[in-house]
Structure formats: structure tokens, C-alpha cells
Amino acid sequence: MTEARSYYGQPILKEPVWKPEIAWYFFTGGLSGAASGLAAAARLSGNDLLARRALLVAAGASAVNPLLLIKDLGRPERFLNMLRVFKVTSPMSVGSWLVAGHGATTGLAATLDVLGLWPRLRTTAGVASGLLGLGMSTYTGALVADTSIPVWHDARRELPFAFGSGAAATAGAAAAIATPARAARPARALALAGAVAEVAALKAMERRLGALVGEPYHQGASGRYAKLAKGLTLAGGALLAVGGRKRPGAILGGSLLLASGAFERWAIFKAGSASARDPKYTVVPQRARIEARASR
């Protein structure tokens, strides 16, 4: 392997300046987005009980999203300043508008549903919330991939799928916990499908990154979180599949999948810091590419 050297041994890339609140935002943002999509689909299919419970899950998570962002930014006006312009080429700009729009439509739909007012407006707001939720559940994956940090940037094709499928798993799990089993079958199906898709996306990501660039996912804090997430996914998915038709199985299996989603977001968050901190993750792949071009 080519020896990794940098200027006086200093990191080549700056570590992400995000606070721990952003790791939690990765979790709650995806959860709120996918839950609102589940609520809209349940409403349109006539499953009003599941629609209400999933919508309340989405509303609760979407209320937390701006608080986490503001805590990371330090002052509320910094979040409001990001809404002054809209740049379709900027994941940060698109994400800020998604958070605002999704929070407003989800809050409106949930309020009207609880109060039993204006069902047509409630349905319209719920559908808008569900559509915006598709972006909420995936844009954070695009956001971290739109950086120079190797473990994120080199997985730019897989990260949005991993975030989106993980969001589906956690939203289905939360809705299965909150909804009586007789109405929760679509939620259980979403949770299991999301869990399987997330495992597949993460496997594809590991193959693309290779042993070197993907090393942070197997070492240190990120490695421990990733192992916990995988184990919890397998255990939670099995419990929900086998015993999810009864309340104890739905609650336990769903809780394990929720924990898995949180640990997976923390693994990705921590892997970014580790990848930026060590010059070898930047230098060695760059030199290998240069040598490969020179040998042609």
C-alpha cells in the first residue's frame, strides 16, 4: 500500500463541524418524512386508524427537526436566513425548505385530524406532507455525500438509498408500535421492507468503498455503532415478522428497529469524522488513481 503522508502530519480535510444534534436530526428527519408518507398512503387507502397514528408520529418528529437544527446553528435566525434563497443545486438550501414545508404541512394535517375539522384540507395537507416526506427521508444522505470526506463522498450513490430505506424501517416500526395490530399490517410491511433494503444498500456501499476507505465503519465508535445497528436490525426484523401481529411483538420488534436506525445514523456521523481525521483515506486512493492513469 502507498504510504500516506500529509503536510507535517496534519489532516488534509477539516472534520465536520456539526454537533451531535445533527446525528439525531438524521434520525428524526428520516422518521418524520417516511411516517408522513405512510400516513398519506394509509389515508388514501381508507385505513384511517393507521393514518392518524402515523401522522402523529410524523408530527412529533417534524416538531423536533427544527429544534435540532437551531441547536446546532446556535441561533434561530440562522435557520431563518437559510430560507431567504432557494438553490436547487444546494442540498443545504433544498433541505432547509423541505424542513420548513414538511413541518408546516404535517403540523396542519395532524392538527385538523385531531380536531376533526375540514377533512378535505386535512387530506390535501396530508398528501403534501407525504410528498415532501419523500425528500425529507433521503436528502440528508445527499447532503453528507455532497462533501469531500471520502467515506461519504465515495458512497454518494448509495447513501440516499441507505437513508431512505432506513427511514422507512423506522417509520414503519414506530407506526406499528403506535397502532393496534389489526390496522398496522402496512406499517409492519414497510418496516420489514425498509430494513431489508437498508441492509442491501449498506452492503453495496461497503463494496464500493472498499477495505481502505470503508475502514471507519469497522473501527472505533462508528464501527461499534454499525455492529450494534446490524444486530438490532436482524433481531427487530425477526421479532416483527414473527410476532408483530400481537402487541408485545410489535412493541419489542419495533423498538429494536428504532434503536437500529438511531445507531446506524450515529455510525455514519462518526465515520465522517474518522475519515476526515486520517490523511490516508484521502492520500492513498488519490495516489492509486494517479498511478493507474499513468500506467495506461
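What follows is a chat between a trainee and a mentor about this predicted model.

Trainee: Before we dig in, what pLDDT do local features need here?
Mentor: Residues are numbered from 1 along each chain as its sequence is written, and side-chain values use heavy atoms, with hydrogens and water left out. This is a predicted model in which totals for chains, interfaces and linings use all residues, side-chain atom pairs count only at pLDDT 80 or more, and local features need a pLDDT of at least 70.

Trainee: OK, the inside. Which helix gives the most to the largest nonpolar core?
Mentor: A nonpolar core here is a set of buried Ala, Val, Leu, Ile, Met, Phe, Trp, Tyr and Cys residues joined through side-chain atoms within 4.5 Å. The largest one has 33 residues, with Leu31, Leu38, Leu50, Ala175, Ala187, Leu240 and Leu257 making the most contacts inside it. At least two residues each come from α1 (20–44), α2, α4, α8 (159–178), α9 (185–213) and α11 (247–277); helices are DSSP runs of H or I, at least four residues, numbered from the N terminus. The top contributor, with eight residues, is α2.

Trainee: And how many residues does the second, separate core have?
Mentor: Tyr25, Phe26, Phe163 and Ala276 are among its members. In general, nonpolar side chains tend to be buried together in soluble globular proteins. For this second core, the count is 32 residues.

Trainee: Is Ser62 buried or exposed?
Mentor: Start with its place: Ser62 is found in helix α2. Leaving aside neighbours within four places in sequence, Ser62 is in contact (heavy atoms within 4.5 Å) with Ser32, His102, Gly103 and Thr106. The cut-offs are under 20% relative accessible area for buried, over 50% for exposed and partly exposed in between, with a 1.4 Å probe and protein chains only. At 7%, Ser62 is therefore buried.

Trainee: Which residue offers its backbone oxygen to the side chain of Asn47?
Mentor: Asn47 lies in the loop between α1 and α2, and its relative accessible area of 18% makes it buried. Not counting residues up to four places away in sequence, Asn47 touches Ala42, Ala183 and Pro186. A polar atom of the Asn47 side chain is 3.0 Å from the backbone oxygen of Ala183.

Trainee: Now charges. Which residue forms a salt bridge with Glu21?
Mentor: The structure holds 10 salt bridges, each a side-chain nitrogen of Lys or Arg within 4 Å of a carboxyl oxygen of Asp or Glu. Glu21 is buried at 16%, whereas its partner is partly exposed at 48%. One sits in helix α1 and the other in helix α2, so the pair ties together parts that are 50 residues apart in sequence. The closest N and O atoms are 3.3 Å apart, and the partner is Lys71.

Trainee: What are the members of the network that includes Asp113?
Mentor: Asp113, buried at 4%, forms a salt bridge with Arg52, the closest N and O atoms being 3.0 Å apart. Arg52 lies in helix α2 and Asp113 in helix α4, so this pair ties together parts that are 61 residues apart in sequence. Asp113 also forms a salt bridge with Arg122, at 3.5 Å between the closest N and O atoms. Through shared partners, the network joins Arg43, Asp48, Arg52, Asp113 and Arg122.

Trainee: Over to the surface: which helix supplies the largest share of the nonpolar patch?
Mentor: The patch is made by Leu56, Leu108, Val114, Leu115, Leu117, Trp118 and Leu121, and covers about 660 Å². Patch residues have over 30% relative accessible area and no salt bridge, and nonpolar side chains (Val, Leu, Ile, Met, Phe, Trp, Tyr) are joined within 5 Å. Leu56, which is partly exposed at 40%, is found in helix α2 (residues 48–73). The largest share, three residues, comes from helix α4 (residues 91–115).

Trainee: Last one: what is the phi of Trp118?
Mentor: Trp118 lies in the loop between α4 and α5 (119–136). With a relative accessible area of 56%, Trp118 is exposed. Although Trp118 is not a glycine, its phi is positive, at about 40°.

Definitions and conventions: Patch = residues over 30% accessible without salt bridge, like charges linked within 9 Å, V, L, I, M, F, W, Y side chains within 5 Å. Areas by Shrake-Rupley, 256 points an atom, 1.4 Å probe, with all protein chains shown as cover. Polar contact = N/O pair within 3.5 Å; in protein donor to acceptor, adjacent residues only side chain to side chain.
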